[in-house]
Amino acid sequence: MRKLLIAANWKMYKNPAESTAFLTHFAPLVKQNDRAEVVLCPPMTSLPALVDAARGKAVSIGAQTMHWLNEGAYTGETSPTMLTAIGATHVLIGHSERRQHFNETDTTVNLKLKSALAHGLVPIVCVGEHLHERESNKTADVLNLQVSVALEGIDPAALGPLVIAYEPVWAIGTGKTATPEIAEEAHKIIRAQLAKVAGTAVAAATRILYGGSVKPDNAASLCCLEDIDGALVGGASLDPGSFSQIVANATAR
Ligand code: PGA
């Protein structure tokens, strides 16, 4: 059985005080939840305060990106050992905004995935097609390539912690959610590709989250499908009431 995972991607929103204030409101609202793992991914500057504030609460804290090396002359970057040193446990890898604005590629995703696994961070690897790729029937090709390059050279035995987030680029921040049928079909493609490159055990155990305009009112229909194991939520995760409602609705099945 794959445990649901509901993760918040706050992008470049919330300073440390705003982040801890969110948790103060949010934690009591999800106190009864034991069906989903809940992860908050704030901006880097909020990580230490949020890790401290989340101690003893059933909420984990992750970063939105990281470099793959432990140290070096890489101005502006944060390393995996810096994340583990402050107690972050998860990391988003290859979000489409990182690919689009910061030149991340499937190759850097692969380097980051190897590094995250080596450092005991739970990697949430983001994949997804652009609208023009969907419209020209390339969705399966795009997803298959993203998954296979991401996993290249990694021993399947090391992939236990792997989480994948299917985030169709056309659904991110647009209010256009994939229908449950579109999402389930894409998740099946990803799971089949996982089986091909890493074996059926990895494919069966890997959680695949859906992301892209997840809101309280669509969380239940998206999260109750066979191959959808939770959600990665951007805009609707910024408010404690709406994000807790997503957790409640997604776990109500
Ligand atoms: P959204 O963002 O929920 O605002 O569409 C999702 C994401 O970027 O992870």
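In the predicted model, one aromatic cluster is formed by Trp10, Phe22, Phe26 and Phe243. The structure as a whole holds four aromatic pairs. One of these joins Trp10 to Phe22 in an edge-to-face arrangement, with 4.7 Å from centre to centre and 70° between the planes. Because Trp10 is located in the loop between strand S1 (4-9) and helix H1 (16-29), while Phe22 belongs to helix H1, the pair ties together parts that are twelve residues apart in sequence. Both Trp10 and Phe22 are buried.

Trp10 also takes part in an interaction with a charged side chain. The charged end of Lys14 sits over the ring of Trp10, at 5.3 Å from the ring centre. An arrangement of this kind is found for Arg98 as well, whose charged end sits over the ring of Phe102, 4.2 Å from the centre of that ring.

The surroundings of Trp10 and Lys14 further include Ser19, a residue of helix H1. When neighbours within four places in sequence are left aside, Ser19 is in contact with Trp10 and Lys14, and also with Pro42, Ser46 and Leu50. The relative accessibility of Ser19 is 0%, and Ser19 therefore counts as buried, the cut-off for this class being under 20%. Helix H1 thus contributes Phe22 to the aromatic pair with Trp10, and Ser19, in helix H1, is in contact with Trp10.

Terms used:
Residues numbered from 1 in each chain as written. Predicted model: local features only at pLDDT ≥ 70, side-chain atom pairs only at ≥ 80, totals over all residues. Heavy atoms only, no water. Phe/Tyr/Trp six-rings, centres within 6.5 Å; stacked < 30°, edge-to-face > 60°. Helix = DSSP H or I, 4+ residues; strand = E, 2+ residues; numbered from the N terminus. Buried < 20%, exposed > 50% of the residue type's maximum accessible area, 1.4 Å probe, protein only. Lys NZ or Arg CZ within 6 Å of the ring centre and 35° of its normal. Contact = heavy atoms within 4.5 Å.
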